[in-house]
Amino acid sequence: MDLGQVHVIERECAKVLMQCRRHADLKEFEKCAALFAPDVIFKSGDSDPLVGRDANIAAMHANIGDVFMRCVINNILVTVIDADHATCTSYWQVYRHKQADFEAGKVTSAAPTAYCESDDTFVRLEEGWRIAKRHFRTVL
């Protein structure tokens, strides 16, 4: 694999990471989950992992369906394993407030509410690059 191919894979994986988060922030949970592999394994902190797209959609509705959330992802480092596999580490600044408070103008702080780290594994499927595994943890 030449350097040009590596750069394309790095960019595609970073793009999937950011698209996925953008969909979740906008409560487009089905679009978010479509960027996961069908058998995705999503682990948050020390909790039991969620397996599959449907389990992740249900968790998004339950955990962030009633919040205003925006995440800023940075320090994205994609490592290409081969033409069909890659890994990624990233840092996330999370801004999370109750949707009702946000809509009522009660949110007065622009400070992040959490600082998180994510380790992702990507796989190339017929429909393109997808997140196959995620370990997400809150650091601060």
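**Sheet, pocket and rings: a working chat**

Modeller: A hairpin joins β5 to β6 through two residues. Bear in mind that this is a predicted model.

Biologist: How many bridges join β5 to β6?

Modeller: Ten bridges, and the two strands run antiparallel. Take E117 as an example: its bridge partner in β6 is R137.

Biologist: And in which sense do β4 and β5 pair?

Modeller: Antiparallel, over ten bridges. H85 has V123 of β5 as its bridge partner.

Biologist: What stands opposite W92?

Modeller: C116, in β5.

Biologist: Zoom out. What is the strand order in the sheet?

Modeller: The order is β2-β1-β6-β5-β4-β3. Six strands make up this open sheet, and the pairing is mixed.

Biologist: Which strands stand at the edges?

Modeller: β2, residues 50–51, and β3. Each has a single partner strand, so one side of each lacks a neighbour in the sheet.

Biologist: Change of topic. What is the volume of the largest pocket?

Modeller: About 510 Å³.

Biologist: How many residues line the largest pocket, and which lie nearest its centre?

Modeller: The lining has 25 residues. Nearest the centre are R21, F42, S44, I64 and F136.

Biologist: How do the lining residues divide into nonpolar, polar and charged?

Modeller: There are 16 nonpolar residues, five polar and four charged.

Biologist: Which elements each supply at least two residues of the lining?

Modeller: Two helices and five strands are on that list: α1 (3–25), α3 (53–64), β1 (36–44), β3 (67–82), β4 (85–98), β5 (114–125) and β6 (128–138).

Biologist: Which gives the most?

Modeller: α3, with five residues.

Biologist: Now the rings. How many aromatic pairs does the structure hold?

Modeller: Four. One of them is F36 with F42, an edge-to-face pair. The centres are 6.3 Å apart, with 65° between the planes.

Biologist: F36 and F42: buried or exposed?

Modeller: F36 is buried, and F42 is buried too. F42 also came up with the pocket, among the residues nearest its centre.

Biologist: What about F68 and F102: why is that pair stacked?

Modeller: The ring centres are 3.7 Å apart and the planes lie at 5°, so the pair counts as stacked. The cut-off for stacked is planes under 30 degrees apart.

Biologist: Where do F68 and F102 sit in the chain?

Modeller: F68 is in strand β3, and F102 is in helix α4, residues 99–103. They are 34 residues apart, so the pair links distant parts of the chain.

Biologist: Why does F68 count as buried?

Modeller: Because its relative accessibility is 16%, and buried means under 20%.

Biologist: And F102? What is its relative accessibility?

Modeller: 36%, so F102 counts as partly exposed.

Biologist: Last topic, backbone. Which residue in the loop between α1 and α2 should I look at?

Modeller: K27 lies in that loop, with α2 spanning 29–33. K27 has a positive phi of about 65°, although it is not a glycine. Most residues other than glycine have a negative phi.

Biologist: How does K27 count by accessibility?

Modeller: As partly exposed, because its relative accessibility is 29%.

Biologist: What about N75: what is its phi?

Modeller: Positive, about 50°, and N75 is not a glycine either.

Biologist: Where is N75 found?

Modeller: In strand β3, which stands at an edge of the sheet.

Biologist: N75: buried or exposed?

Modeller: Exposed, with a relative accessible area of 52%. The cut-off for exposed is over 50%.

Key:
Residues numbered from 1 in each chain as written. Predicted model: local features only at pLDDT ≥ 70, side-chain atom pairs only at ≥ 80, totals over all residues. Heavy atoms only, no water. 1 Å grid on protein atoms, 1.4 Å probe; cavity = no way out; pocket = protein on both sides within 12 Å on 5 of 7 lines; lining within 4 Å. Points joined across faces, edges and corners; volume = space filled by probe spheres on them. Helix = DSSP H or I, 4+ residues; strand = E, 2+ residues; numbered from the N terminus. Nonpolar A, V, L, I, M, F, W, Y, C, P; charged D, E, K, R; others polar. Pairing = 2+ DSSP bridges. Phe/Tyr/Trp six-rings, centres within 6.5 Å; stacked < 30°, edge-to-face > 60°. Buried < 20%, exposed > 50% of the residue type's maximum accessible area, 1.4 Å probe, protein only.
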